[in-house]
Amino acid sequence: MTPLCKGASYERISKADAGDEDGVIRQGEDTAELAERRGIPLQGRRFRDNDKSATHGKHRPQYELLMAAVQRGEVDVIIVYMLGRLWRNRRERAEGIEILRKHEVSVLCVKGPELDLTTAAGRLLAGLLGEVDTFEVEQMSEREQREMRQRVERGLPPTGPRCFGYTADGAMLVEDEAAEVKDCFHALLAGATLSGMAAGLNERGVLNRNGKPGHTTPSAAYS
């Protein structure tokens, strides 16, 4: 294998509280330590997506910058904590493996193997490990959906973050929020868009379920 001399690191956490970067910082410390131990210079090529899921192929700004650097020939090895930090989505994984193959880029994992994606064996192993990651995510989602359905069938409130309009345990209404939810449903039936309703809430200064200004997604208008 050609000596690796143009390293880049990538760290990602799917969910993090606002302002909480401890998870990606820990990953960054571990990837930097591995790069130093292997004598791979990073030279500022550090890419980090905090509070960004990779399961559904959503926009990951730093990942996209990393792939752009790869295609410019600026990277010959990507150091990650584990392969699942790089890819969770099948389509992105297939596209990413092909890009790394074309540009002769390897992946080096803190917790996992070194993957030479210029070889058929390296691509096979990356695909197999990636499928295990995807399976775990999909299986967890199926369990959560089944639990949620069971709770609905029993007349219990859903688990997870507090729903806008309800107390944290889901047992009581928050009257002012509930009134906003009711108005949103009336507007929806009248033909309003979800993004328009969220914008309306923001314009009126209605706080979100975390007690802060800004309904940042369409679903925040009623969840």
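Student: In which kind of crossing does α6 pass α7, left-handed or right-handed?
Tutor: α6 passes α7 in a right-handed crossing; in that kind the near helix is turned clockwise from the far one by less than a right angle, and anticlockwise would make a crossing left-handed. Keep in mind that this is a predicted model, where local features need pLDDT of at least 70, side-chain atom pairs count only at pLDDT 80 or more, and totals for chains, interfaces and linings use all residues. Residues are numbered from 1 along each chain as its sequence is written, and side-chain values use heavy atoms, without hydrogens and water.

Student: What makes R48 and E11 a salt bridge?
Tutor: A salt bridge needs a side-chain nitrogen of Lys or Arg within 4 Å of a carboxyl oxygen of Asp or Glu. The N to O distance here is 3.1 Å, so R48 and E11 qualify. R48 lies in strand β2 and E11 in strand β1, so the pair ties together parts 37 residues apart in sequence.

Student: Why does E11 count as buried or exposed?
Tutor: Buried means under 20% relative accessible area, exposed over 50%, and partly exposed in between (1.4 Å probe, protein chains only). E11 has 1% relative accessibility, so E11 counts as buried. R48, at 33%, is partly exposed.

Student: And how do you know how E153 counts?
Tutor: E153 has 56% relative accessibility, so E153 counts as exposed. Its salt-bridge partner R149, at 49%, is partly exposed.

Student: What makes R149 and E153 a salt bridge?
Tutor: Their closest N and O atoms are 3.8 Å apart, so this pair meets the cut-off too. Both lie in helix α5, four residues apart, about one turn of the helix.

Notes: Helices (H or I, at least four residues) and strands (E, at least two) are DSSP runs, numbered from the N terminus.
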